[in-house]
Amino acid sequence: MTDLLKISGLHASIDADGKPKEILRGVDLVIPPGEVHAIMGPNGCGKSTLSYVLAGREEYDVTSGSVTFMGRDLLDMEPEERAAAGLFLAFQSPVELPGVNNANFLRTAVNAVRRARGEAELDAVGFLKAVRAATKNLSMSDDMLKRSVNVGFSGGEKKRNEVLQMTMLQPTLAILDETDSGLDVDALRIVAEGVKNLRSPKFSALVITHHQRLLDYLGPDRIHVMARGRIVRSGGPELAKQIDAEGYASFLAEAA
Ligand SMILES: Nc1ncnc2c1ncn2[C@@H]1O[C@H](COP(=O)(O)OP(=O)(O)O)[C@@H](O)[C@H]1O
Ligand SMILES: [Mg+2]
C-alpha cells in the first residue's frame, strides 16, 4: 500500500536578517493510512517549522528533499489544494478573524473541500444539522458558532473550535501542532478525544507535542523524536516513557 505521507530528506531554511538559517536538516518521516503518529522534541528543534512547511507557508525555503501526500508532490501544491486534497493543519496559535462569523467561515471551508471532492455542497439547513451534531459531541455551546472566528475565545474554546473544524472537514490527514505550554489538561483531552473520535482506516493524524499527558490519552501508533531539525528516533510508547524519565539529552547527542 502506498504511504499517505512521505517526507524524505527535507531541508528548509528561513531568512534571518538577510542570511538563510537552516531549521529542518533532513527530516524523514512516513505515515501510513489509518495511523496516528506523534512527534516529540525539545523547544526549538523545528516541530512548528515542519508543520508550517507542510502547510505551504511562503517564508520557508525548501532547499532539498521531497514530500508526497497520497502520491502527489505536496510541495508543488497551493495551500488551498492541500486542504482540498484532504490535509488539515492546526497551528500553535489559531488565527482570529474579527467580523467573520464562525459558522459561515466553517460552512465556506467545508463546501470548498466538498466541491473539490466532487461532493454536493451543504445548504444552510444541511450544514446547521451537521454542525449542531458536531458541537453537541464536543460539548460546545451554539453560541460559539455565532461569534467571530476565535475572537475572545479562551484557550480551551480555541481548541474545541479547532477540533470542530477538523471534525466537519473530515480530513484524510490532520496535523496538529500543540502549544508548548499553557494548555490545560481539559484542552489536551479535547484534542485527544477529537482525534480518537475520527480514528478510521481513512483518517491519519500527526500530533506534534511534548506533553506526555496528551500521548497517554491519544495512544499513538508510533512516536518520532525530533532533535536539531531531524527525526532521530522512531518507536512505540516506550520512547515517550524514556523521554519522561531521561529528558532529551541522549537524543540531542545523537543529533549533534
Ligand atoms: N522567523 C524566524 N527567524 C529566525 N529563526 C527562526 C524563525 N522562526 C523560527 N526560527 C528558529 O527555528 C528554530 C525552530 O523553531 P520551531 O520550529 O518553532 O521549533 P519548535 O516548534 O520545535 O519549538 C528555533 O531555533 C527558532 O528560533
Ligand atoms: Mg512549536
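In what order do the four strands of the open sheet with antiparallel pairing lie? The order is 2-1-4-5. The model is predicted, with local features needing pLDDT of at least 70, side-chain atom pairs counting only at pLDDT 80 or more, and totals for chains, interfaces and linings using all residues. Residues are numbered from 1 along each chain as its sequence is written, chains are lettered from A and ligands numbered from 1 in the order in which they are written, and side-chain values use heavy atoms, with hydrogens and water left out.

A few terms help in walking through this four-stranded sheet. Strands (E, at least two residues) and helices (H or I, at least four) are DSSP runs numbered from the N terminus, and two strands pair if DSSP finds at least two bridges between them. The edges are formed by strand 2 (19-31) and strand 5 (72-73), each of which pairs on one side only. Strand 1 (residues 5-16) is joined to strand 2 by ten bridges in the antiparallel sense, and to strand 4 by eight bridges, again antiparallel. Lys-6 is a handy residue to look for here: Val-30 of strand 2 stands opposite Lys-6, and so does Thr-68 of strand 4. Further along the pairing with strand 2, Ile-14 faces Lys-21. Strands 1 and 2 form a hairpin with two residues between the strands, where Asp-17 takes a positive phi near 50°.

At the other edge, strand 4 (60-69) and strand 5 pair in the antiparallel sense over two bridges, with Arg-72 in strand 5 as the bridge partner of Phe-69. These two strands also make a hairpin with two residues between them, and Met-70 in the turn has a positive phi of about 50°. Strand 4 includes Thr-63. Beyond its neighbours within four places in sequence, Thr-63 is in contact (heavy atoms within 4.5 Å) with His-11, Ala-12, Ser-13 and Glu-22. The C-alpha atoms of Thr-63 and Lys-19 are 14 Å apart, with 44 residues separating the two along the chain.

There is also an open sheet of six strands, with mixed pairing and the order 6-9-10-3-11-12. Strand 6 and strand 12 (230-235) are its edge strands, each pairing on one side only. Neighbouring strands of this sheet are turned by 20° against each other on average, direction ignored. Strand 6 pairs with strand 9 (residues 173-177) in the parallel sense over four bridges; within this pairing, Phe-88 has Ala-174 in strand 9 as its bridge partner.

Two packed helices are described by the angle between their axes and the distance between the axes. For helix 3 and helix 4 (residues 124-137), the axes come within 11 Å and cross at roughly 105°. Helix 3 is therefore roughly perpendicular to helix 4. Here axes are lines fitted to C-alpha atoms, for helices over the stretch in contact, and angles run from 0 to 180 degrees between N-to-C directions; under 35 degrees counts as roughly parallel, over 145 as roughly antiparallel, 65 to 115 as roughly perpendicular and the rest as oblique. From helix 3, Ala-103, Leu-106, Arg-107 and Val-110 meet Ala-124, Phe-127 and Val-131 of helix 4. This contact has six nonpolar, no polar and one charged residues, where Ala, Val, Leu, Ile, Met, Phe, Trp, Tyr, Cys and Pro count as nonpolar, Asp, Glu, Lys and Arg as charged, and the others, Gly among them, as polar.

Turning to the pockets, the largest has a volume of about 920 Å³. A pocket is an open set of points on a 1 Å grid over the protein atoms alone, where a 1.4 Å probe fits, with protein on both sides within 12 Å along at least five of seven lines; lining residues have an atom within 4 Å of a point. Volume is the space filled by probe spheres set on the points, which are joined across faces, edges and corners. Of the 32 lining residues, Phe-88, Leu-89, Phe-91, Phe-105 and Gln-165 are the closest to the centre of the largest pocket. Helix 1 (47-55), helix 2 (79-84), strand 6 (87-90), helix 3 (102-116) and helix 6 (155-169) each give two or more residues to this lining, which has 20 nonpolar, six polar and six charged residues.

The second largest pocket holds about 210 Å³ of space. Its lining residues include Val-53, Arg-57, Tyr-60, Met-77 and Arg-82. Strand 4 and helix 2 are the elements that give two or more residues to this lining, which has six nonpolar, one polar and four charged residues.
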